[in-house]
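Student: I would like to go through some labels used for protein structures. Where should we begin?

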Amino acid sequence: MNAFNRLLSSAALGLAVGLTSFAAVAETPANMLVIANRIDDITTIDPAQSFEFAGSDVSRNIYSKLVNFDPLNLDAGYQPDLAESWTVSEDGRTITFTMREGVKFHSGNPVRAEDVEFSLRRVVTLNKTPSFILTQFGFTAENVGETIVADGNTISITTDKRYATSFVLNCLTATIGGIVDKEVVMANEVDGDLGNNWLATNSAGSGPYILQGWKPNESVTLVSNPGYFGGAPAMERVIVRHVQESATQRLMLERGDIDVARNLNPEDIAGAREADGVAIDDELRGRLMYISVNQKHPELAKPEVRQAIKYLVDYEGMQNSFLNGQYTIHQNFLPRTYLGAVDENPFSLNVEKAKELLASVGVGPFEIEVGVREAQERIEIAQSLQNTFAQAGITLNITVGTAKAILGRYRARELDMYMGAWGPDYPDPHTNAGTFAYNPDNSDEAGATGLLAYRNAWDTGGLTEKVAAAVVESDRDTRAKMYADIQSEFRDIAPFAILFQKIEQTGRNEAVQNLNLGGAITAVSYWPVTK
Amino acid sequence: MRATFLTLGSIIVTMLGLIFVTFIIGRVMPIDPVLAIVGEQASKSTYDAAYEQLGLDRPIIVQFGLYVWDVIHGDFGKSLLTARPVADDIKRVFPATLELATIGVFAGIVLGVPLGVIAAVKRGSWIDQVARVIALVGYSMPIFWLGLMGLLVFYGILGWVGGPGRVGIFYVDIVPSVTGMILVDSILDRNWVVFKDALSHIVLPASLLGYYSLAYISRMTRSFMLEQLSAEYITTARVKGMSENAVIWRHAFKNIRVQLITVIALSYANLLEGSVLTEIIFSWPGIGSYITTALLSADMSAVMGGTVVVGLIFILLNIFSDLLYKVFDPRAK
């Protein structure tokens, strides 16, 4: 849809809705939750492979894990789930979990330590994209026989060195930590794929919901697991329907055909706010918008120029105009609500100060190229930057391209500047610290393209060591303090300007209670929902 | 017999050409299918494994040969997005489009043909003006906007029709899928509740498509008719004292049937592949939205499979209209 059509339709809808009230609305059944969402990113629901938002949403409700977040109290951090308790060995390398008794899979099979052993080893052996969340602890296909071991009612995992226990446990709450039913999965194995093909479209979990059907780009249907150890969910069926357009989602919400609309744009949010029986929720998510400058560029490598760039961003102007309500200013690499997150945002648009900084190192007008992927809001951000940069004599040439074109150049360290977004991979501060402020080998040969610091050719000036120290610190409070310190230094010296954190705005039927999308750290939970 | 072989030969050549072009486009597009599968964060070993799994490490000519071989066997590969064989996906989504387009084009014919005829007969009258305005609006209004307005008025405000999707959420998966077309399946199942609900969902998107084909069909009908009505034999017939009705329908209309068939076949083919926006607005899980989603996600096997199927439909409809030509037009024999 082009911008003109979108504008036209929003304007017309707004006008029409303003003039008239809707006909008597339908109502979804009291024991059924119906959600409109864009679910075309689901490619598989195998917990060892699923790494997209909508897929994680499904997975979180189907699979229990050793430890998990309580949706009604996310701030409390990880809590016992299939593991009742755990102990850590003296050298800090082995965590031994004791399994909760009497829990059953959807198939009726008991959940055993052996299933946990199978599930975690499976992640490592399959080596799919999210497997790094486990393999970063030194697990390999060769050593899982000794490092992930079930013994009776306990399961032990032994890491290659000492890490903060909170780091390991946080990683186990990610989607890859979902425990699958070994018997059922192996009965569906084809050509040694450990059930990967079968689990892509079927489920074998012990969570509050059972997958009834997933029709790609159409719908996901879940039915409740009455035997769930945490109690049977109130919503007996949950249907997530793929509805692409914001305006359509809004119509369905206001008609009462759906309970929740998850992809409303700012115009439709504003419109839906006026509707009877509809409530709008704002929830902070983990996604960050940022810009970064390549340290191979002679001018951009100067600390004063990096600083100046942070004063050449119209944070407030963007937040209050086209990002209206969907992003909030945030200048730190840990999203708010993460362990160690801080909310100091010292930078604001200050062209004079930027000019002074540039003049202090004798940098005259210069020209750079910024790479942006084709997405409306990112292009608008780049245009705003182009305007403010020009005021200090920096000419910003915007190159818009596909993911392959732009990311390819970014990863090859060829872009002067990148305007992009980053979402945390797992709910531990190391996920972002490890990519923004960690770069042990800055040489071209290192090829560490997964690290954002590396992509900008930034030798982190000592932060790499601090990040490495924080990830092994066992005291939670000390660890949080360490990340706060790292971020304070990062704000000053990094070639990154973190700009915004995502806010997800959801339209909901007022009757729906306790729907938690998972905040910045996890995915949506349907089981506490009532209406 | 020889003609049949020639037709068959030209189908095969056209299909091979189509497969070749889609294959090449798939390869030169600035999209990395591997990155699309494994994502930005994948390690090098994960990336390499997926690269090999897709067979991208082989010479391109070998890849093409293997692809043609698979397509001949009805195998379009596996979709990255849905984790299922593309052929299965197409079997699932195609009936949804077929159902929608068939009703749409049927509405277009039933309303468009008489409208075109009357407009031609009453050339310059108010009916002709109205027909022209209808066609003009049909051509110039963005389908997207019209669809949303339709939803807003008939679903949102009046509540006369069902909302987006093929059936209401409570009726999903209630009737067993035999043909994949819900209207037909619910009749087979004698489930009138689902039939009624499905009908209330299809009426709006099908009307929208019907309107677009009506605009095209009525204009073409009008110009074909005008051509006939100015011909000499019509004057002769009138002079002979034949009734006006007989002149129009038995003489003039009979002579434009053949041309109309081509127009209708084209219109139908357009609806079958070009209803993308309608499918998106109405969350209609058909082949148009399937190919679009696949394209946006670099799911190249799905894009290629979908394109080949759509191409095949075009070719078949062309052959079909050629055959009808031969049946109706004695000169073509």
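Tutor: Begin with Leu194(A), which sits in the loop between H7 and helix H8 (196-199) of chain A. Bear in mind that this is a predicted model.

Student: What makes Leu194(A) count as buried or exposed?

Tutor: Buried means under 20% relative accessible area. Leu194(A) has 15% relative accessibility, so it counts as buried. Its phi is positive, about 50°, although Leu194(A) is not a glycine.

Student: Which residue of chain B has a positive phi of about 50° although it is not a glycine?

Tutor: That is Arg190(B). Arg190(B) is found in the loop between helix H8 (182-188) and helix H9 (192-229) of chain B.

Student: How do you know whether Arg190(B) is buried or exposed?

Tutor: The cut-off for exposed is over 50%. Arg190(B) comes to 63% relative accessibility, so it counts as exposed.

Student: Why is the contact of Glu183(A) with Arg112(A) called a salt bridge?

Tutor: The term requires a side-chain nitrogen of Lys or Arg within 4 Å of a carboxyl oxygen of Asp or Glu. For Glu183(A) and Arg112(A) the N to O value is 3.0 Å, so the pair meets the definition. Glu183(A) lies in helix H7 (residues 182-187) of chain A, and Arg112(A) in the loop between strand E5 (94-99) and helix H3 (113-126) of chain A, so the salt bridge ties together parts that are 71 residues apart in sequence.

Student: What do the accessibility values make of Glu183(A) and Arg112(A)?

Tutor: Partly exposed is what falls between the 20% and 50% cut-offs. Glu183(A), at 42% relative accessibility, counts as partly exposed. Arg112(A), at 26%, also counts as partly exposed.

Student: How many salt bridges does the structure hold?

Tutor: There are 30 over all chains. One of them joins Arg250(A) to Glu254(A), with the closest N and O atoms 2.9 Å apart. That value is within 4 Å, so the name applies.

Student: What separates Arg250(A) and Glu254(A) along the helix?

Tutor: About one helical turn, because the two residues are 4 residues apart in helix H9 (residues 246-255) of chain A. Arg250(A) counts as buried at 4% relative accessibility, and Glu254(A) counts as buried at 8%.

Student: Which other residue meets Arg250(A) in a salt bridge?

Tutor: Asp268(A), at 3.2 Å from N to O. Asp268(A) belongs to helix H10 (residues 266-273) of chain A and Arg250(A) to helix H9 of chain A, so this pair ties together parts that are 18 residues apart in sequence. Asp268(A) has 2% relative accessibility and counts as buried.

Student: What makes strand E14 (residues 366-373) of chain A mostly covered?

Tutor: Of its 8 residues, 6 are buried.

Student: How do you know that E14(A) pairs with strand E15 (residues 394-401) of chain A?

Tutor: Pairing needs at least two bridges. E14(A) and E15(A) are joined by 8 bridges, so they pair, and they run parallel. Arg373(A) stands opposite Gly401(A) in E15(A). The chain passes from E14(A) through helix H14 (residues 376-390) of chain A to E15(A), in a β-α-β crossover that is right-handed.

Student: What makes E14(A) a partner of strand E16 (residues 417-422) of chain A?

Tutor: The count is 3 bridges, which satisfies the requirement of at least two, so these parallel strands pair as well. Here Val370(A) stands opposite Met417(A) in E16(A).

Note on methods. Residues are numbered from 1 along each chain as its sequence is written. Chains are lettered from A and ligands numbered from 1 in the order in which they are written. This is a predicted model: local features need pLDDT of at least 70, side-chain atom pairs count only at pLDDT 80 or more; totals for chains, interfaces and linings use all residues. Side-chain values use heavy atoms; hydrogens and water are left out. Buried means under 20% relative accessible area, exposed over 50%, partly exposed in between (1.4 Å probe, protein chains only). A crossover is right-handed if, with the strands pointing away from the viewer, the path from the first strand over the helix to the second runs clockwise.
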